[in-house]
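Work through the exercises below with the model in view. Try each task before reading its solution.

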Amino acid sequence: MSNARRFAIAALAASALTLGTATSSYATTYTNASSNSCGAVYFIDNGDTFKFLDVCSDGKGVRLQYTSPTTGSPSTSDTKIHVDYTGGYTGYDLSNAYVYDTDMNENACFYFRVGHVDNGAYVSGSYGGWDLACAAN
């Protein structure tokens, strides 16, 4: 994984946080990337929206895996939900991102991570680490 790609995703995350803060005093943006940083997913709590970026032209899609949102104590062993984006390269611009809207209970929290999918199958070893996120109240 190149340092330039890792830096670009981190810079995009920082700008997304700034944008989220500037457009709504209540919006928080959470970010997670695949193990090779070719895929990234942002969760914006104000609207319960996931945004997918595919930043490598490698023919693989981006897979989001998240645990069932709960107002109790979330765990990475909770029921898993996955969503795939296979529409191709999006670049680093969030305005080009694939948008997946959900409807979560207020203050529901969950864990999420990002990996890759190839021809409908998960690419082994591609998940990044788990991150905790919560829906807005």
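The exercises go from the whole chain to single residues.

This is a predicted model, where local features need pLDDT of at least 70, side-chain atom pairs count only at pLDDT 80 or more, and totals for chains, interfaces and linings use all residues. Residues are numbered from 1 along each chain as its sequence is written, and side-chain values use heavy atoms, with hydrogens and water left out.

**Exercise 1. The overall build**

Task: State which secondary structure elements the protein has, and what share of its residues is buried.

Solution.
- Step 1. Take the elements as DSSP runs numbered from the N terminus: helices are H or I with at least four residues, strands are E with at least two.
- Step 2. Count them: the protein has 1 helix and 9 strands.
- Step 3. Read the order from the N terminus: α-β-β-β-β-β-β-β-β-β.
- Step 4. Apply the burial classes: buried is under 20% relative accessible area, exposed is over 50%, and partly exposed is in between (1.4 Å probe, protein chains only). Of the 137 residues, 41% count as buried.
- Step 5. Look at contacts (heavy atoms within 4.5 Å). Among those with a separation of 6 or more, 62% are between residues 24 or more positions apart.

**Exercise 2. The disulfides**

Task: Find the disulfides and say which parts of the chain they tie together.

Solution.
- Step 1. Search for pairs of cysteine sulfur atoms within 2.5 Å, the cut-off for a disulfide. The whole structure yields 2 disulfides.
- Step 2. Take Cys 38 and Cys 56, joined with an S to S distance of 2.0 Å. Cys 38 lies in the loop between strand 1 (29-33) and strand 2 (39-44), and Cys 56 in the loop between strand 3 and strand 4 (61-67), so this pair ties together parts 18 residues apart in sequence.
- Step 3. Check the angle about the S-S bond: it is -75° for Cys 38 and Cys 56, a left-handed link. Both Cys 38 and Cys 56 are buried.
- Step 4. Turn to Cys 109 and Cys 134, whose sulfur atoms are 2.0 Å apart. Cys 109 is in strand 7 and Cys 134 in strand 9 (residues 131-134), so parts 25 residues apart in sequence are tied together.
- Step 5. Here the angle about the S-S bond is 105°, and the link of Cys 109 and Cys 134 is right-handed.
- Step 6. Number the bonded cysteines in sequence order: the pairing is 1-2, 3-4.

**Exercise 3. Aromatic rings**

Task: Classify the ring pair of Phe 50 and Phe 112.

Solution.
- Step 1. Rings of Phe, Tyr and Trp (its six-membered ring) pair if their centres lie within 6.5 Å; planes under 30 degrees apart are stacked, over 60 edge-to-face, and the rest tilted. The structure holds 12 aromatic pairs.
- Step 2. The ring centres of Phe 50 and Phe 112 are 6.2 Å apart and the planes are at 65°, so the pair is edge-to-face.
- Step 3. Place the residues: Phe 50 is in strand 3 (residues 49-54) and Phe 112 in strand 7 (residues 109-118), so the pair ties together parts 62 residues apart in sequence. Both are buried.
- Step 4. Widen the view: Tyr 30, Phe 43, Phe 50, Tyr 66, Tyr 100, Phe 110 and Phe 112 form one aromatic cluster.

**Exercise 4. Charged side chains**

Task: Find the salt bridge, then examine Asp 48.

Solution.
- Step 1. Side chains of opposite charge can pair when their charged atoms come close. Lys and Arg count as positive, Asp and Glu as negative; His and the chain ends are not counted.
- Step 2. A salt bridge needs a side-chain nitrogen of Lys or Arg within 4 Å of a carboxyl oxygen of Asp or Glu. The count comes to 1 salt bridge.
- Step 3. The partners are Asp 84 and Arg 63, with the closest N and O atoms 2.6 Å apart. Asp 84 is in strand 5 and Arg 63 in strand 4, 21 residues apart.
- Step 4. Compare exposure: Asp 84 is partly exposed at 27% relative accessibility, while Arg 63 is buried at 8%.
- Step 5. Now Asp 48, in the loop between strand 2 and strand 3. Asp 48 is buried yet has no salt bridge; Lys 51, the nearest side chain of opposite charge, is 13 Å away.
- Step 6. List contacts of Asp 48 beyond four places in sequence: among them are Phe 43, Tyr 100 and Met 104.
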